[in-house]
Amino acid sequence: MHKTCFCISVNHGILKSTFMDNFKRHSNWSKKPSIVDGFVSKSPPRPRLNPEKPHKPPKKEAVISDFKRPEGFIPRNRTNTSGSVPDGTGVGRKPIYKKELDMSLDTNNRAKRGKVGKHRNWKKIIKRTALILLAVIIAGGTAFFALAYWRARQVFKGGAPSALAFDCNVDPSKLNAEGDGRVNILMLGKGGPGHDGEDLTDTLLVASIDPCQKDAALVSVPRDLYVKVPGNGSMKINTVYPTYKQNALAEGKSEEEAESIAIDATERTMEEVLGIPIHYYVMVDFEAFRRAINTVGGVTVDVKEPLYDYNVAWENDWDPLIAPAGVQQFDGKKALLYARSRYGSARGDFDRAERQRQILVALRDKIFSLGTFGNPLKISQLMDAFGDHVSTNLSIDDVMSLYELAKEVEGHEVTSIGLADPPNDYVVTDNIGGLSVVVPKEGLYQYGAIHTYIRNALKDGFVRKENPSIIVLNGTTESGRASEFADTLKGYGYNVVEVSDAPSTDYEETVFVNLRGKDKAYTQRYIEQRLGVKATGKLPSGVENPNNADFIIILGPGS
């Protein structure tokens, strides 16, 4: 029976066993590979211990990372005579622990450490969760805004050159004629699929904005206005769009090409009637109008007098009362009925046009009260509502510019203009060939009075800003020329302070004198374009320098 002393020492996380006192190793062990932490060593077997020869310890022992170190049991170089448990110093190591390991549990300290640890863990969890949520919100918000922006771009595809008036400090040389100082948008409304005459533009409006002076107006043109259209004879203005569209489709044009041709013809006709340039257009059908109202949660309208219309009662649950007097909250359906009704009021279509302007202003107010274009969700909802029911040549950048401008104009400051609204009533109803139509008071196809009224009501922003005073002189023998030209200038809102004859009548060409230099650069550009001559700062001989004028125009032959 051999006595064996078993010692456990802890060094670098490795348990080692040392057998002392008359140790006799089994012969079969030398043939088995040793194992350390699951690694099987292929080192050659250890030599047997010879009790008659003193054993020399190895000079160096490899660390754990060196898998070539000797393995197995390493005997001590001296015997234990004290009877105590070996502490490892005999093999050249210092004991890591000076006393026996205390394996008992300190429940109090452990509880404290557990509470602190849990508290710290919860802090970490909350902090990490907050960071993750923040990242998700930022990423989701960015993605949603990008989606809303993409949807908006599908509706507002652009295609028209940006209006010069968006820049209040635009280079004067870029201006072509009076009217460039405003942004004019043709707004067309049609029935759309499922309605009789689905392409008839029963709503014809122009939204006009002065970006520099910060004002806006809505102008209605009666749908029954009888107009002459080049190449297609005469017709009501609401049939111009469908006529040109159908003709283009019959010629083999694509739907998109036919749409463009029809819109262009409608724009030209509206320019001829109103005497102002059209920069953009927006076409909506009844469904887009209804959806837009519903998307913003309805609109608030002050109905001046009860509106009855038996012709559309079937669309109002067979109730002929479309809207009682007073402030009303309209959803999309009710707003559409209110805007479409033409037989329930004394002036018919003229009153309907006024109600349409009223609804548009109410919609504008609601959109701005919601901050719609600053909210990606609302943009997305509005674009979904429009879908394929809206077409326009406005770009998303143009829309955002208009949005920022319109925010500075209160709804009650938007001027509502109708061509049949006293005292500025320039059209009347008539009957041509059995067809009930609307015509200008001054005569069929005569729009001079309308031009003067509209151009002054929608005065060019740059002319309005500079407000020039002008003297017009006749330098020819042809009587009335100065008065005629002065009336033209007045028609654009210019302030003509004097009209008379020049000191002599032998001017061979028109002279345009600028007495204010660069202070009136926009006016100078417009009149240079109109006269076809360049301005000079020098007065002709015999013409006195007045104190009440910024410009003097002396008309020569052919002007």
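1. In this predicted model, strand S6, covering residues 201-210, and strand S7, covering residues 215-220, run antiparallel to one another and are paired over 6 bridges. Within this pairing, valine 206 has valine 219 of S7 as its bridge partner. A reader who wishes to find this part of the structure may start from these two strands and then follow the sheet outwards.

2. The sheet to which these strands belong is open and mixed in its pairing, with 6 strands arranged in the order S15-S10-S5-S6-S7-S16. Strand S15 (390-392) and strand S16 (415-418) stand at the edges, and because each has a single partner strand, one side of each is left without a neighbour in the sheet. From one strand to the next, the twist averages 20°. Helix H3, residues 255-274, packs on this sheet, where it touches strand S5 (183-190), S6, S7, strand S10 (280-285) and S15, and the direction of the helix makes about 120° with that of S5.

3. Strand S5 deserves a separate look, since its two pairings run in opposite senses. With S6 the pairing of S5 is antiparallel and extends over 8 bridges, and here asparagine 184 stands opposite serine 208 in S6. With S10, by contrast, S5 pairs in the parallel sense over 6 bridges, and lysine 190 stands opposite aspartate 285 in S10. Of the 8 residues of S5, 7 are buried, so the strand is largely enclosed by the rest of the structure. As a general matter, the side chains of a regular strand alternate between the two faces of the sheet.

4. Which residues does glutamine 356 touch, if those up to four places away in sequence are not counted? They are Asp202, Thr203 and Ala339, and with threonine 203 there is also a polar contact of 3.0 Å between the side chains. Glutamine 356 itself is found in helix H6, residues 349-370, and counts as buried because its relative accessibility is 9%, where the cut-off is under 20%. Although glutamine 356 and leucine 218 are 138 residues apart in sequence, their C-alpha atoms are 9.9 Å apart in space.

5. The whole structure contains 22 salt bridges according to the search made, and one of them joins arginine 182 to aspartate 215, with the closest N and O atoms 3.4 Å apart. Arginine 182 lies in the loop between helix H1 (107-155) and S5, whereas aspartate 215 is in strand S7, so the pair ties together parts that are 33 residues apart in sequence. Both partners are buried, arginine 182 at 4% relative accessibility and aspartate 215 at 18%. These two residues also belong to a network of salt bridges that links Arg182, Asp210, Asp215 and Arg464.

6. A salt bridge within one helix is found between arginine 290 and glutamate 287, whose closest N and O atoms are 2.3 Å apart. Both residues lie in helix H4, residues 286-295, at a separation of 3 residues, about one turn of the helix. Are these two residues buried or partly exposed? Arginine 290 is partly exposed, with a relative accessible area of 27%, and glutamate 287 is likewise partly exposed, at 25%.

7. Lysine 441 and aspartate 425 also meet through their side chains in a salt bridge, at 3.1 Å from N to O. This pair links distant parts of the chain, 16 residues apart, with lysine 441 in the loop between strand S20 (435-440) and helix H9 (448-457), and aspartate 425 in strand S18, residues 424-425. Lysine 441 is partly exposed, with a relative accessible area of 47%, and aspartate 425 counts as partly exposed at 26% relative accessibility.

8. A further open sheet has 4 strands in the order S22-S21-S24-S23, again with mixed pairing. Its edge strands are strand S22 (495-501) and strand S23 (511-514), each of which pairs on one side only, and the twist averages 15° from one strand to the next. S23 and strand S24, residues 551-555, pair in the antiparallel sense over 4 bridges, with asparagine 514 standing opposite phenylalanine 551 in S24. Helix H11, residues 481-491, packs on this sheet and touches strand S21 (469-474), S22 and S24, while the direction of the helix makes about 155° with that of S21.

How values were computed. Residues numbered from 1 in each chain as written. Predicted model: local features only at pLDDT ≥ 70, side-chain atom pairs only at ≥ 80, totals over all residues. Heavy atoms only, no water. Pairing = 2+ DSSP bridges. Axes fitted to C-alpha atoms, helices over the stretch in contact; angles between N-to-C directions. Contact = heavy atoms within 4.5 Å. Buried < 20%, exposed > 50% of the residue type's maximum accessible area, 1.4 Å probe, protein only. Polar contact = N/O pair within 3.5 Å; in protein donor to acceptor, adjacent residues only side chain to side chain. Salt bridge = Lys/Arg side-chain N within 4 Å of Asp/Glu carboxyl O.
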